[in-house]
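Here is a short tour to read alongside the viewer. Take a moment to turn the model around before you begin.

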Amino acid sequence: MVVVGFLGIYLPLHYFGSIGDLFAAVEAARPQFATLHTDNLGVSWYISTVVISTLGFYMWPHLFAATFSARKESTFKKNAVVFPLYQLFLLFVFFVGFAAVLAVPGLPAGQTDLSLLRLAKESLPPVVIGLVGAGGLLAALVPGAMLLNTTSALIANNVYKPLRPGADIRRAAQLAVPCVGAVTIYLALNDGAAIVNLLLLAYALVTQLTPALLLSLLRRNPVNHWGASAGMLAGTGAIAYLTVNGLTAADVAPFLPPVLQQLNVGVLALVINLAVLALVTLATNRRAPAISSPGTA
């Protein structure tokens with residue numbers, strides 16, 4: 001975090017004099033580069049994507065693991081405050097990216113991820129470059145290790161275990177780690193642009209857990225497990241259908257105002273999720289039979 005914050009402030013100052021001058025230079029060289037799209041990825045899509053990402057942030061399995069391992073309630077509360085602060089450091093990453101647009105021109109499309117190292121090599125002494133490299137390595141290893149372990153454990157427990165109930169799940173999870181890692185490396189090296197789309201899709205999917213989880217925190221949960229399960233299945237099914245067929249909100253709901261036709265499909269799926277959750281809960285809830293008092297017929 002220190003390295004990211006330092007680079008996000010230092011590089012714009014070093015190359016352009018100030019962050020304001022950075023944006024002025026980018027606008028002069030690449031007009032409209034920092035302007036939001038006006039097509040299907042306009043302001044409505046951006047805002048709804050931020051909402052989906054915010055709701056889905058705590059739904060990731062590896063964050064559940066951090067929550068369940070808390071020793072006391074105060075740790076859980078502290079994590080709830082601190083975790084979102086990491087997102088603020090994305091602002092400094094944006095500053096570095098905008099600086100690279102002009103300071104490192106002409107990078108091939110497959111090497112754009114090297115822009116940070118190029119900037120660091122050209123503007124920093126070797127010792128600081130080493131610190132930047134070490135910080136980048138740790139930033140990749142720590143969350144990468146959590147993601148690999150969690151993904152492998154889920155595959156072993158939710159996929160392999162039902163197929164082979166008597167198998168050693170711990171061993172299966174260990175063997176899944178290098179397999180998941182190999183797939184990840186292949187995707188990163190061969191089609192880095194697809195990772196962004198996969199991440200947005202994944203956020204839309206995990207956000208379908210949000211209604212059931214938030215309602216479960218109420219003192220009297222109004223939703224039963226049938227409604228929660230049906231809502232999650234309906235939401236994820238809707239996302240799968242819309243994504244596979246390349247459909248947008250405008251395609252499935254052309255009657256909506258233009259500003260809502262650009263919504264992230266995850267929002268539509270969330271609406272479907274809530275509707276199914278409520279309907280199934282109402283349909284499956286049964287009142288318990290009244291208990292007669294002693295001595296009455």
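## Surface and overall shape

How much area does the chain expose, and what share of it do carbon and sulfur atoms supply? The exposed area comes to about 19,300 Å², and carbon and sulfur atoms supply 70% of that. Please keep in mind that this is a predicted model, so every value here is computed from predicted coordinates.

The chain has 15 helices and 0 strands. Its C-alpha trace spans about 90 × 55 × 40 Å along the principal axes. The radius of gyration of the chain is 24 Å, whereas a compact globule of 297 residues would have one near 19 Å.

## Burial and contacts

Of the 297 residues in the chain, 26% are buried. If you look at contacts with a sequence separation of 6 or more, 70% of them join residues that are 24 or more positions apart.

## Where α7 meets α8

A good place to zoom in is the pair formed by helix α7 (residues 90–103) and helix α8 (residues 115–123). Two packed helices are described by the angle between their axes and the distance between those axes. For α7 and α8, the axes come within 10 Å and cross at roughly 75°. That crossing makes α7 roughly perpendicular to α8, because angles of 65 to 115 degrees count as roughly perpendicular.

Which residues bring the two helices together? From α7, V96, A100 and A103 take part, and they meet S115, L116, L119 and E122 of α8. Sorted by class, this contact has 5 nonpolar residues, 1 polar residue and 1 charged residue.

## Two residues to look up

Is S152 buried or exposed? S152 sits in helix α9, which covers residues 126–163. With a relative accessible area of 1%, S152 is buried, because the cut-off for a buried residue is under 20%. Leaving aside residues up to four places away in sequence, S152 touches A173, A176, V177 and V180.

R30 makes a handy second stop, in the loop between α2 (19–29) and α3 (43–56). Its relative accessibility is 41%, so R30 counts as partly exposed. You can also relate R30 to the helix pair above: S115, one of the α8 residues that meet α7, is 85 residues away from R30 along the chain, and their C-alpha atoms are separated by 18 Å.

Methods. Residues numbered from 1 in each chain as written. Predicted model: local features only at pLDDT ≥ 70, side-chain atom pairs only at ≥ 80, totals over all residues. Heavy atoms only, no water. Axes fitted to C-alpha atoms, helices over the stretch in contact; angles between N-to-C directions. Helix = DSSP H or I, 4+ residues; strand = E, 2+ residues; numbered from the N terminus. Parallel < 35°, antiparallel > 145°, perpendicular 65-115°, else oblique. Contact = heavy atoms within 4.5 Å. Nonpolar A, V, L, I, M, F, W, Y, C, P; charged D, E, K, R; others polar. Rg over C-alpha atoms; globule rule 2.2 N^0.38 Å. Buried < 20%, exposed > 50% of the residue type's maximum accessible area, 1.4 Å probe, protein only. Areas by Shrake-Rupley, 256 points an atom, 1.4 Å probe, with all protein chains shown as cover.
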